[in-house]
Amino acid sequence: MKLLVESIRNAVEKDCLIPALMSSLTIPDAMGQLLYPNLVLHNGKRAAGRQYVKWFDDWAANDFLFSGDPSNEGETIPGQIFNGKMCWKLRCSLLHSGDYDVSVDAPEKDESFDYDYKFELVLHGCNALCSSWPSPKSGMRATKSVTFRVDAASLASSMCNAAEACLKETGETVSYPNLELFDVAAWADRFNTR
């Protein structure tokens, strides 16, 4: 995990944000499987989505809180721009389809409005919750538009921070695999006198 985190941080520093993001979206898969092995399906197989969501909500979600009056209730935690369920949807959409089609499920909060929720993934931006409700035409209901905006570099860095905190806090109670790769170039450089 440490090698993965280092690689993601290196990619963010070099502005390779899509590879950094895609790699970071695998962190909750690995960490969730190790920390929550008892989350299983009825057939005994691991409940990967539930493990993923739980790990994100337990370890990374606090980086996506906002201050102010939340316009979203229901599937998202009040005061939260992005949560584990949304991250799971983003992971599945990006890794399996190459897009970021993340539906945001949230029920109506106010009977006098219709709601339009959407998710935006941005580069070189910021995390934000945006809402607007223009005046409706005569006889029509107003639609409140709520956009959950997440910056790719911020999400990748947050995943790395969460993984490091998780490793530090649970390192003695959970057996984490150690990915060791043989670096041929580094090995060869030992013999080059240049």
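Start by selecting K144, which sits in strand 3, residues 142-151. Helices and strands here are DSSP runs numbered from the N terminus (H or I, at least four residues, for helices; E, at least two, for strands). At 13% relative accessibility K144 counts as buried; the scale is buried under 20% relative accessible area, exposed over 50%, and partly exposed in between, with a 1.4 Å probe and protein chains only. Now show what K144 touches beyond its neighbours within four places in sequence: F113, D114, Y115, D116, S132 and W133. Contact means heavy atoms within 4.5 Å.

Before going on, a word on what you have loaded. This is a predicted model, where local features need pLDDT of at least 70 and side-chain atom pairs count only at pLDDT 80 or more, while totals for chains, interfaces and linings use all residues. Residues are numbered from 1 along each chain as its sequence is written, and side-chain values use heavy atoms, with hydrogens and water left out.

**Strand 2 and its loop**

Next, pick C130 in strand 2, residues 128-132. C130 is partly exposed, at 27% relative accessibility. Leaving out neighbours within four places in sequence, C130 contacts S145, V146, T147 and R149. Draw a C-alpha to C-alpha distance from C130 to R149 and you should get 7.7 Å, for two residues 19 apart in sequence.

Then move to H124, in the loop between strand 1 (113-122) and strand 2. H124 is exposed, with 60% relative accessibility. Which sign does the phi of H124 have? It is positive, about 55°, although H124 is not a glycine. For background, most residues other than glycine have a negative phi.

You can find another case at D15, which has a positive phi of about 65° and is not a glycine. D15 lies in the loop between helix 1 (2-13) and helix 2, and is partly exposed at 43% relative accessible area.

**Helix 2 against helix 6**

From D15, step on to helix 2 (residues 17-24) and add helix 6 (residues 152-170) to the selection. Two packed helices are described by the angle between their axes and the distance between the axes. Here the angle is about 40° and the axes are 9 Å apart. That makes helix 2 oblique to helix 6. Axes are lines fitted to C-alpha atoms, for helices over the stretch in contact, and angles run from 0 to 180 degrees between N-to-C directions. As for the labels, under 35 degrees is roughly parallel, over 145 roughly antiparallel, 65 to 115 roughly perpendicular, and the rest oblique.

The crossing of helix 2 and helix 6 is left-handed; that label applies if the near helix is turned anticlockwise from the far one by less than a right angle, and right-handed applies if clockwise. To see the contact, show sticks for L17, A20, L21 and S24 of helix 2, and for A152, A153, L155, A156 and M159 of helix 6. By class, that contact has eight nonpolar residues, one polar and no charged ones. (Ala, Val, Leu, Ile, Met, Phe, Trp, Tyr, Cys and Pro count as nonpolar, Asp, Glu, Lys and Arg as charged, and the others, Gly among them, as polar.)

Zoom in on S24 of helix 2. S24 is buried, with a relative accessible area of 0%. Its contacts, not counting residues up to four places away in sequence, are I8, A156 and M159.

**Helix 4 against helix 5**

Now select helix 4 (residues 48-59) and helix 5 (residues 84-97), whose axes come within 8 Å and cross at roughly 125°. Helix 4 and helix 5 are therefore oblique to each other, and their crossing is right-handed. Light up A48, G49, Y52, V53, F56 and D57 on helix 4, then G84, K85, C87, W88 and R91 on helix 5. These divide into six nonpolar, two polar and three charged residues.

A side stop is G32 in helix 3, residues 27-35. G32 is buried, at 0% relative accessible area, and touches Q51 and W55, not counting residues up to four places away in sequence.

**Zoom out**

Finally, show the whole chain and colour by pLDDT, the predictor's confidence in each residue, from 0 to 100. The mean is 84, and 85% of residues reach 70 or more. Where does pLDDT stay under 50? Look at residues 69-78. Where pLDDT is low, the predicted coordinates should not be read in detail. Overall the chain has seven helices and three strands, and 39% of its 194 residues count as buried.
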